[in-house]
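Q: Please take a close look at the nonpolar interior of this model, and say which residues and elements build it. I would also like to know how the cysteines fit into that picture.

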Amino acid sequence: MATIHRESDVDPGVLAGARVAVVGYGNQGRSWALNLRDSGLDVRVYARADASRAQAQAEGFATGEIAAASDADVICILVPDDVIPSLPLRPADRALTVLASGYTYAFDRFAPPGDLGMVAPRMLGPEVRLCFEEGIGFITAVGVHRDVTGTALPRTLAIARAIGGLRQGGIEMTARQEAVLDLGVEQVLSPALAHVNMAFVTAMLEQDVPLEAIMTELVLSGEVERTYRLLREQGFARQMEYHSPTSQYGQLSRRGAFDHLDVLSRMRELTSDITSGRFADEWDRERDGGHARLAALKEEFCGALVREIEDDLRRRLGPAVARASGSDGA
């Protein structure tokens with residue numbers, strides 16, 4: 001069983017007087033900086049001289065060049081994984097460096113001096129702030145990659161607590177475990193779900209079901225996300241009682257319909273690309289090549305035509321229609 005850390009496990013005093021640097025002021029960085037400051041820590045933001053640094057200054061933070069973050073006692077790095085190895089940082093031997101992902105630790109892309117910790121919110125960047133403000137917090141993966149001072153875990157947990165990451169519990173994980181799980185969701189599960197969804201759309205179109213109705217069933221109605229909310233809050237067994245008997249029987253009696261397909265073998269192959277470091281090497285080459293293939297893939301799967309179709313559907317169905325109707329009737 002995994003170790004679960006709670007707010008009550010943390011001594012906030014372990015960071016008393018500590019200078020905390022937040023490197024980057026994007027989706028995660030801004031949320032972290034605001035949450036850390038609201039938790040009473042001495043926070044400064046270090047970012048490139050661009051709009052993000054100007055925003056940090058406008059929101060009341062002292063700012064500086066990224067290299068100057070090396071002087072802090074705790075350095076929270078909130079920039080993309082592929083950028084981290086190129087940062088001009090040289091922490092002191094007793095400093096704590098905290099990453100929001102295990103990726104660069106796990107695949108030996110980044111190993112500065114001092115303590116190395118991980119605080120990886122299971123939440124999108126802007127939601128880290130919203131969940132903190134709502135008081136509900138979020139679940140976090142926490143761990144220590146290297147402990148030089150003997151205080152790496154207490155200090156890492158204190159940072160996790162300060163951003164709201166222990167209110168729902170912090171799961172202790174190694175950097176490798178977190179990286180494999182995170183990349184696995186992106187590279188193993190997501191492609192499988194996309195394939196299944198496209199096959200389902202094709203099967204329904206062959207029965208003359210309108211595309212608009214299919215997309216409503218899958219996405220636009222919000223029923224799926226609300227069902228997943230019930231799964232999160234109550235579990236599979238209890239949420240099943242909200243479905244009709246017809247639905248319950250249909251779901252459960254066809255449960256093994258795809259068991260003959262050897263999905264697991266393909267998933268193991270894709271996971272091996274992650275655990276062997278092959279994907280990390282591939283991503284390094286992609287970064288060094290200017291992300292040309294990424295741009296082509298985004299154009300193919302997320303380009304103008306796809307956006308146009310999706311925007312048209314949302315203009316005709318969903319919350320936008322309700323908002324428009326409300327404003328018309330005002």
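A: What follows goes from the nonpolar core to its cysteine and then to the surface. The model is a predicted one, and in it the largest nonpolar core holds 32 residues, of which W32, L36, C76 and I159 touch the most other members. Seven elements each supply at least two residues of this core, namely the strands β2 (19–23), β3 (42–46), β5 (74–77) and β6 (96–99) together with the helices α1 (27–38), α4 (125–134) and α5 (152–162); the largest share, 5 residues, comes from α5.

Around C76, once its neighbours within four places in sequence are set aside, the contacts are V20, A21, V22, V23, W32, L36, V98 and I159. A second core, separate from the largest one, has 26 residues, including A21, Y46, L99 and A179.

As for the cysteines, the count of disulfides is 0. C131 is in no disulfide, the nearest cysteine sulfur being that of C76, 18 Å away. C131 counts as buried because its relative accessibility is 8%, under the 20% limit, whereas C302, at 40%, counts as partly exposed.

On the surface, L181, V185, L189 and L193 make a nonpolar patch of about 340 Å². Of these, V185 lies in helix α6, which spans residues 175–205, and it counts as partly exposed because its relative accessibility is 43%, a value that falls between the limits of 20% and 50%.

Technical notes: Residues numbered from 1 in each chain as written. Predicted model: local features only at pLDDT ≥ 70, side-chain atom pairs only at ≥ 80, totals over all residues. Heavy atoms only, no water. Core = buried A, V, L, I, M, F, W, Y, C linked by side-chain atoms within 4.5 Å. Buried < 20%, exposed > 50% of the residue type's maximum accessible area, 1.4 Å probe, protein only. Helix = DSSP H or I, 4+ residues; strand = E, 2+ residues; numbered from the N terminus. Contact = heavy atoms within 4.5 Å. Disulfide = S-S within 2.5 Å. Patch = residues over 30% accessible without salt bridge, like charges linked within 9 Å, V, L, I, M, F, W, Y side chains within 5 Å. Areas by Shrake-Rupley, 256 points an atom, 1.4 Å probe, with all protein chains shown as cover. Salt bridge = Lys/Arg side-chain N within 4 Å of Asp/Glu carboxyl O.
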